[in-house]
There are 2 protein chains.
Amino acid sequence: MLSKKTKYGIKALTYLARQEQNVPVSIATISEMENISLKFLESILLTLRKSGLLGSKKGKGGGYYLLKDPNDIKMTTVMRVLEGPIAMVPCVSLNYYEKCEDCPNEAECAVHLLMIRVRDSNLKIYRETSLADLAKY
Amino acid sequence: MLSKKTKYGIKALTYLARQEQNVPVSIATISEMENISLKFLESILLTLRKSGLLGSKKGKGGGYYLLKDPNDIKMTTVMRVLEGPIAMVPCVSLNYYEKCEDCPNEAECAVHLLMIRVRDSNLKIYRETSLADLAKY
DNA sequence: TTTAATCCTATGGATTTAGTAGGGTATTAT
DNA sequence: ATAATACCCTACTAAATCCATAGGATTAAA
């Protein structure tokens, strides 16, 4: 299951990508428009800012804004920041590989084999999908 | 992340599929060969039996065995039984559809759009992969 | 009748999730 | 300057899920 954190994070990013101009949007605005708990959203946007996807401006008229063109924000990045590794098991993770304790031979492991296929296909989708693609609709 | 339940379940099914003859194999045997906690495996095999994938034989010389040819056991079935719905959000689930409370319009929802793509590609993989495919290696 | 196996229920610790609460700090418009 | 606005940070919690264990009941073969 996708966590609400990720779900809300994607919604917020899309909302920002849909703005005509890239001016700061307040948390409160996004919270209202996308029906997301304000405080929870606050923590999510903080994560996104720390990851380098968003910039922020304090004070009156402040808020969050995208740091890059939506076409250049791939969903691989977004998913990794919000949801964590894309692989469903550590033994097929590209960035966070870990050997399974119980598994003597990865080459013969059915789970390993299956999950490599799943990882590759998901990776393909996330790589081919940008924030701009999702914001279009 | 894939749950251990699913991971162990797939391993157990593969172990059974790799047997020369389809005779009952005890929980203890599978547990040892695949390094899975016996009691946990027990509950998993019970689930698989209740779902109709496995048959069981009680008493001495008893154990679990596949009810169908491994070629006819698709991973869609296995994943749904062990891990639950394949969709990452209920609003794109074929079998367990649920509308999102917060989302006024699915057609414009970025999460919805993205997760449909993910669902479709995963579904394709699970449909095209049988237990026999995984047991080959 | 003994032994070996599944069947079933319950329980508990650990971890994660999805928030909530409350205050602190920085910036900007006026 | 100062009030208003918005970001920043920490801590807490209720609920759910995950992983596993325990113990007994039931069944069937030798």
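**Group meeting talk: two chains and DNA strand C**

Okay, let's start at the DNA: a polar side-chain atom of Lys39(A) lies 2.3 Å from a base oxygen of DNA strand C. That falls under what I'll call a polar contact, a pair of N or O atoms within 3.5 Å; within protein, one must be able to donate a hydrogen and the other to accept it, and residues adjacent in sequence count only if both atoms are side-chain atoms.

Quick housekeeping. This is a predicted model, where local features need pLDDT of at least 70 and side-chain atom pairs count only at pLDDT 80 or more, while totals for chains, interfaces and linings use all residues. Residues are numbered from 1 along each chain as its sequence is written, chains are lettered from A and ligands numbered from 1 in the order in which they are written, and side-chain values use heavy atoms, with hydrogens and water left out.

Back to the DNA. Phosphate oxygens of strand C get partners too: one is 3.1 Å from a polar side-chain atom of Ser37(A), and one is 2.4 Å from a side-chain N or O atom of Ser56(B). The elements giving two or more residues to this surface are α1 and α3 of chain A, plus α3, β1 and β2 of chain B. Helices here (H or I, at least four residues) and strands (E, at least two) are DSSP runs, numbered from the N terminus. With five residues, α3(B) gives the largest share.

How many residues surround DNA strand C? There are 26, and the closest are Lys39(A), Ile27(B), Glu42(B), Ser56(B) and Tyr64(B). To count as near, a residue needs a heavy atom within 4 Å of the strand. On the DNA side, sugar and phosphate make up 75% of the atoms of strand C that come within 4 Å of the protein. The residues of this surface split into 13 charged, eight polar and five nonpolar. For the record, Ala, Val, Leu, Ile, Met, Phe, Trp, Tyr, Cys and Pro count as nonpolar, Asp, Glu, Lys and Arg as charged, and the others, Gly among them, as polar.

Next, the two protein chains. Chain A puts 37 residues into the contact and chain B puts in 38, with contact meaning heavy atoms within 4.5 Å. About 3300 Å² is buried between them, 67% of it from carbon and sulfur atoms. Buried area is the accessible area (1.4 Å probe) that two parts lose on being put together, summed over both. On chain A's side, Met88(A), Asp102(A) and Leu114(A) supply 18% of the area buried against chain B, more than any other three residues.

Asp102(A) also forms a salt bridge with Lys11(B), with the closest N and O atoms 3.0 Å apart. By salt bridge I mean a side-chain nitrogen of Lys or Arg within 4 Å of a carboxyl oxygen of Asp or Glu. The count between these chains is four. Which element gives the largest share of chain A's side? That's α5(A), with 11 residues.

Last stop, inside chain A. An automatic or database assignment sets the domain bounds, giving domain 1 (4-66) and domain 2 (74-131). Their centres, taken over C-alpha atoms, are 28 Å apart. Between these domains about 810 Å² is buried, with carbon and sulfur atoms giving 83%. In domain 1, Thr6(A), Ile10(A) and Leu53(A) lose the most area to domain 2, together 47% of what that side buries. As for salt bridges between the two domains, the rule finds zero.
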